[in-house]
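Got the viewer open? Here's a short tour, stop by stop, with something to select at each one.

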Amino acid sequence: MLNIILLGPPGAGKGTQAARLEKERGMIQLSTGDMLRAAVAAGTPVGLKAKAIMERGELVSDAIVSALIGERLDEATTSGAIFDGFPRTGHQAEALEILLAQRGRTLDHVIELVVDEDALVRRITGRFSCAKCGAPYHDELKLPKVAGTCDICGSHDFKRRPDDNEETVRTRMAEYREKTQPILPYYDARGLVRRVDGMAPVEAVAAEIDAILDS
Ligand SMILES: [Zn+2]
């Protein structure tokens, strides 16, 4: 059973890799945001507590997030876990260590998908798709064969997602640097951090992650 933390800014391909690990290895992704919403919806003891706090407009404490992760770890005793969005502070990292130790588990790897910010901006802002059939295109990487005409359905209408703009991408990168990256020195000191080139093709990233998990 493997327990890993997967880190990387939005657009680095973290979601794609986590989904693949769930499918291929039966691991479960413990995303704190999703878990919080699920616990509230399911009305679990921790969920009810979190709901009351959020309804007062307050931030859910580390203790509640830890309890939530504990609840989910108890449900997921046979598969490995991928932590996403937690821990974000040294204090939370210590809480995670305790949660795992209480269940006879340890953290095996902290995998960071490393990106080049400018290249990531180009990758995301260049995306567009056919408005009719959804075929994906890219300003630099994959233009339609005939300019302005969809290769698949022949439509002349294309669209871009509103948040695929430079400002949004750079804001998300800054959030990642401020909120998530500060945890890396804690794990670097323990020799747990593995860095993977998030700008490589999806299959190459997958192969690198697999090599780490199988090492
Ligand atoms: Zn089309």
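Start by selecting Val65 and whatever surrounds it. Setting aside residues up to four places away in sequence, Val65 touches Thr32, Val60 and Phe86. Keep in mind as you look around that this is a predicted model. Colour by secondary structure and you'll find Val65 in helix α4, which covers residues 62-75. Is Val65 buried or exposed? Its relative accessible area is 11%, so Val65 is buried, the cut-off being under 20%. Now draw a distance from Val65 to Gly47: the two are 18 residues apart along the chain, and their C-alpha atoms are separated by 9.9 Å.

Gly47 also leads to the next stop, Val40, because contact here means heavy atoms within 4.5 Å and Gly47 is on the list of residues that Val40 touches. The rest of that list is Ala50, Lys51 and Met54, again not counting residues up to four places away in sequence. Val40 itself sits in helix α2, residues 32-42. For a long view across the model, draw a line from Val40 to Lys159: these C-alpha atoms are separated by 35 Å, with the two positions 119 residues apart along the chain.

Follow that line to its other end and select Ser129, since Lys159 is one of the residues in contact with Ser129. Leaving aside neighbours within four places in sequence, Ser129 also contacts Gly134, Ala135, Pro136, Tyr137, Asp157 and Phe158. You're now in strand β5. Ser129 has a relative accessible area of 16%, which means that it counts as buried.

Step one residue along to the metal site. Which residues coordinate the zinc ion? Show the SG atoms of Cys130, Cys133, Cys150 and Cys153: these hold the zinc at 2.3 Å. Try the angle tool next: the four donor atoms subtend angles of 103 to 114° around the zinc ion, so the arrangement is tetrahedral. In sequence, the donors follow the spacing C-x2-C-x16-C-x2-C. Cys130 and Cys153 make a pair worth highlighting, as they link distant parts of the chain, 23 residues apart. Cys130 belongs to strand β5 (residues 127-130), while Cys153 lies in the loop between β6 (136-138) and β7 (158-159). Switch on the surface and check both: Cys130 is buried, at 0% relative accessibility, whereas Cys153 is partly exposed, with a relative accessible area of 30%.

Next, select Pro10, in the loop between β1 (3-7) and α1 (14-25). Pro10 counts as partly exposed, at 36% relative accessibility. Leaving aside neighbours within four places in sequence, its contacts are Leu120, Ile124 and Arg172. Add Tyr176 to the selection as well: Pro10 and Tyr176 are 166 residues apart in sequence, yet 8.2 Å apart in space, C-alpha to C-alpha.

Finally, zoom out to the whole chain. You should be able to pick out nine helices and eight strands. The C-alpha atoms fill a box of roughly 60 × 45 × 30 Å along the principal axes. Of the 215 residues, 43% are buried. Among contacts with a separation of 6 or more, 68% are between residues 24 or more positions apart. Put the surface back on and you're looking at about 11400 Å² of exposed area, with carbon and sulfur atoms supplying 54% of it. Colour by charge to end the tour: there are 28 positive and 33 negative side chains, and the centres of the two sets lie 3 Å apart.

Methods:
Residues numbered from 1 in each chain as written. Predicted model: local features only at pLDDT ≥ 70, side-chain atom pairs only at ≥ 80, totals over all residues. Heavy atoms only, no water. Donors = N, O, S within 2.8 Å, 3.2 Å for Na, K, Ca; no water. Tetrahedral: all angles 85-135°; square planar, octahedral: opposite > 155°, others 65-115°. Helix = DSSP H or I, 4+ residues; strand = E, 2+ residues; numbered from the N terminus. Buried < 20%, exposed > 50% of the residue type's maximum accessible area, 1.4 Å probe, protein only. Areas by Shrake-Rupley, 256 points an atom, 1.4 Å probe, with all protein chains shown as cover. Lys, Arg positive; Asp, Glu negative; His and termini not counted. Charge placed at Lys NZ, Arg CZ, Asp CG, Glu CD.
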